[in-house]
Amino acid sequence: MADLEDQLVHARPIARNHGLRLWFHIDASGNSELIEIDKLTMMRRCDLAACDVRLLDPLFVYPSRILQRKNAIVLNMEQIRCIITADEVFLLNPLKSDVVQCVEELRRRLTTAGAGDFLQPEGAELRKRRGRLFSNIFDNSTDLPFEFKAFEVALEAVCTLLDSQVRKTTRYQFLLFS
């Protein structure tokens, strides 16, 4: 009986920490911090259903999705997994190498007025490829609401990541078939 009590005592701290994830949090005024939050707290804070928060869980593989809910946008695309509300953004696993650029761009873009720049020089090339048709649409992004600015940064991060993957694949394909 004493062995069982010892196991339960040692298991409780582990059970309390179960489900804690590291999130990058930035609000509309530009304050940012790294926080550890469990799923239940995130559900309550953003008013989301459990299936929406589960979609972001890195332990499960889900297809890329963008969900619009009553109070939030849930984005799960490639390595970028985030929840965007009207006045704050939560980005999951902000210390991953693919996500660090998005975190820095979010911090920079949401605290300054420079909303027309891209994440990397590769992003500038993407903008040139878009052509003149779309350049006028996205140039006036400084007067967009907070959630649209954050959504734009997240989508640009995904596009930059996909563009770099295509470049790597093209390079490998060129080496294999030449």
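I looked up Glu152 first and found that Glu152 forms a salt bridge with Arg109, with 3.6 Å between the closest N and O atoms. The model I am reading is predicted. This pair links distant parts of the chain, since Glu152 sits in helix H7 (residues 146-177) and Arg109 in helix H4 (residues 97-111), 43 residues apart. I checked exposure as well: Glu152 and Arg109 are both buried.

Next I looked for another partner of Arg109. I found that Glu156 forms a salt bridge with Arg109, the closest N and O atoms being 2.6 Å apart. Here too the pair links distant parts of the chain, with Glu156 in helix H7 and Arg109 in helix H4, 47 residues apart. Glu156 has 10% relative accessibility, so I entered Glu156 as buried. Arg109 has 1% relative accessibility and therefore also counts as buried.

Which residues are linked with Arg109 in a network of salt bridges? I listed Glu105, Arg108, Glu152 and Glu156.

I then turned to Arg69. Arg69 forms a salt bridge with Asp52, and their closest N and O atoms are 2.8 Å apart. Arg69 lies in the loop between strand S3 (65-68) and strand S4 (73-77), while Asp52 lies in helix H3 (residues 50-54), so the pair ties together parts that are 17 residues apart in sequence. Is Asp52 buried or exposed? Asp52 has 3% relative accessibility, so I noted Asp52 as buried. Arg69 is partly exposed, with a relative accessible area of 33%.

Last, I noted the total: a search of the whole structure finds 10 salt bridges. The pairs Glu152 with Arg109, Glu156 with Arg109 and Arg69 with Asp52 are the ones I looked up by distance.

Definitions and conventions. Residues are numbered from 1 along each chain as its sequence is written. This is a predicted model: local features need pLDDT of at least 70, side-chain atom pairs count only at pLDDT 80 or more; totals for chains, interfaces and linings use all residues. Side-chain values use heavy atoms; hydrogens and water are left out. A salt bridge is a side-chain nitrogen of Lys or Arg within 4 Å of a carboxyl oxygen of Asp or Glu. Helices (H or I, at least four residues) and strands (E, at least two) are DSSP runs, numbered from the N terminus. Buried means under 20% relative accessible area, exposed over 50%, partly exposed in between (1.4 Å probe, protein chains only).
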